[in-house]
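User: Please take a close look at the site that the database record marks as active, and at what surrounds it. I would like one connected account.

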Amino acid sequence: MIMFSPRKSRFLATVAAAALSLGAAQAHPSVNTHPWGKTPDGKSVKIVTLQSGNGVTVRVITYGGVIQSVETPDRNGHPQDIVLGFSNLNGYTVDSAKGGLFFGAIIGRYANRLAGGSFPVEGRTYHTDITAPPNALHGGKKGFDKNVWTIEKTGRNASGAYLTLKLVSPDGDQGFPGKLTTHVTYTLSPDNALSLHYVATTDAPTVLNLTNHSYWNLNGEGSGSIEPEVLQLNADTFTPTNSTSLPTGQIASVAGTPLDFSKPTAIGERLRSNDPQMMYARGYDMNWIVNGAYGQAPRLAGKIYDPRSGRSMEILTNQPGLQVYTSNSLDGGYAGISGHAYRQTDAIAFEAEHYPDSPNHPSFPTTELKPGQTFDYTTTFRFSNQ
């Protein structure tokens, strides 16, 4: 359990009440859908705008299920986009053609790494493409992030404005067995929380690991490094990796390491540590094991606060792990919505998911999905300011 230090209380004390300050005027949530261009192979893409009615606007495109923008107000009420992304579809399709940094996308069938691109299912070994040599990363050469999803429904209900996207992945897609049907519902609540609810079923035994890969910068997209932002994680342990970012199979304590965010700590404070785990990844890119039981009600996984803008965000999930990534591969090769080039540490990703390479580690929580079972997980990003 996270213990809050009194001298850090300004970071935490307003979390519960701050959402009320995000919009003085109460309004109803809303949802709107518009065309947003075509992919290089001619498939139509749409953009769906969700509004909380209390100051937060989220835009999702059907290409890759990408969260294209999230506008939230700072402490002075000034709204600003806080995720990295592009102003048109071409930015996302060009990124995909390069191999992809997965800006804002749904990742599947298997988020994170698989050793050598191989994985067992009920005694048989399957293979997917090597996309991060010598391993597979994020589901093959054409993972869920590179598909156009179908809008199943949009609307408003007691929970807020919502969008449900659907993708059917055929048997053998990227080497994975079984026909998989996936739904992801994005809901933006009146109290300014964005929830992603993942539901999937299969007609044959398979493995599955789904997440979202948004790059967050609470000071605003294109504003520079997230090193001043203050992070706290509800995680006492993590899965150490080797030099190729594969888990060793061990579970280790964060105590005494640069990965200890049990108390609010500036991201930049230990970012340049010579700890081997940090050197392997060139920054933070590890799986923290979220305290508490997974697969039940979402519990707090982490909090991040930007002292410059006053924005805060909580991450809640019922997934077992949280991969935290300080955009170590951004090298100035992409310019985003603001027109500024994206560079290393310009954002942080919170990928709530199962552990990397789980099919090859029987001691890890299973990622097997069988006919008659339902993959059912939720991750929520709760926005506020102080």
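Analyst: Contact here means heavy atoms within 4.5 Å. This is a predicted model, in which local features need pLDDT of at least 70 and side-chain atom pairs count only at pLDDT 80 or more, while totals for chains, interfaces and linings use all residues. Residues are numbered from 1 along each chain as its sequence is written, and side-chain values use heavy atoms, with hydrogens and water left out.

The UniProt annotation "active site", from an unreviewed entry, covers His213 and Glu351. UniProt positions are given in the numbering used here, feature names are shortened, and annotations may be inferred rather than shown by experiment. The two residues span 139 residues in sequence, yet their C-alpha atoms are no more than 6.0 Å apart, so they gather at one spot. The lining of the largest pocket takes in both His213 and Glu351. On a 1 Å grid over the protein atoms alone, a pocket is an open set of points where a 1.4 Å probe fits, with protein on both sides within 12 Å along at least five of seven lines; lining residues have an atom within 4 Å of a point.

Glu351 sits in strand β28, residues 348-353. Strands (E, at least two residues) and helices (H or I, at least four) are DSSP runs, numbered from the N terminus. With a relative accessibility of 2%, Glu351 is buried. Buried means under 20% relative accessible area, exposed over 50%, and partly exposed in between, with a 1.4 Å probe and protein chains only. Setting aside neighbours within four places in sequence, Glu351 is in contact with His138, Thr211, Asn212, His213, Gly321, Leu322, Gln323 and Tyr325.

His213 belongs to the loop between β16 (211-212) and β17 (215-216). His213 is also buried, at 3% relative accessible area. Not counting residues up to four places away in sequence, the contacts of His213 include Leu101, Phe102, Phe103, Gly104, Ala105 and Ile107. His138, Tyr325, Ala349 and Glu351 also touch His213. His138 and Tyr325 are thus in the contact lists of His213 and of Glu351.

The record gives a second annotation that involves His213. For "binding site", again from an unreviewed entry, UniProt lists Asn112, Arg113, His213, Ser214, Tyr215 and Asp285. Of these residues, the lining of the largest pocket includes Asn112, Arg113, His213, Tyr215 and Asp285.

Ser214 is in the loop between β16 and β17 and is buried, with 1% relative accessibility. Beyond four places in sequence, Ser214 touches Ile67, Val83, Gly104, Ile348, Ala349 and Phe350. The Ser214 side chain also makes a polar contact of 2.8 Å with the side chain of Asn212. A polar contact is a pair of N or O atoms within 3.5 Å; within protein, one must be able to donate a hydrogen and the other to accept it, and residues adjacent in sequence count only if both atoms are side-chain atoms. Asn212 is in turn among the residues in contact with Glu351.

Asp285 lies in strand β22, residues 285-289. Asp285 counts as buried, at 13% relative accessibility. Outside its neighbours up to four places away in sequence, Asp285 touches Arg113, Gln323, Val324, Tyr325 and Asn328. Arg113 is another residue of the "binding site" list. The side chain of Asp285 makes a polar contact with the side chain of Gln323, at 2.9 Å. Gln323 and Tyr325 touch Asp285, and Glu351 is in contact with Gln323 and Tyr325 too.

The loop that follows β22 runs to β23 (299-305) and holds Ala293. Ala293 is partly exposed, at 45% relative accessibility. Strand β23 is joined by 6 bridges to β24 (residues 311-317), and the two run antiparallel. One of the pairs puts Gly302 opposite Ile315 in β24. Both strands belong to an open sheet of 9 strands in the order β11-β12-β13-β14-β30-β24-β23-β18-β21, with antiparallel pairing. Two strands pair if DSSP finds at least two bridges between them. β11 (150-157) and β21 (265-266) are at the edges, each with a single partner strand, so one side of each is left without a neighbour in the sheet.
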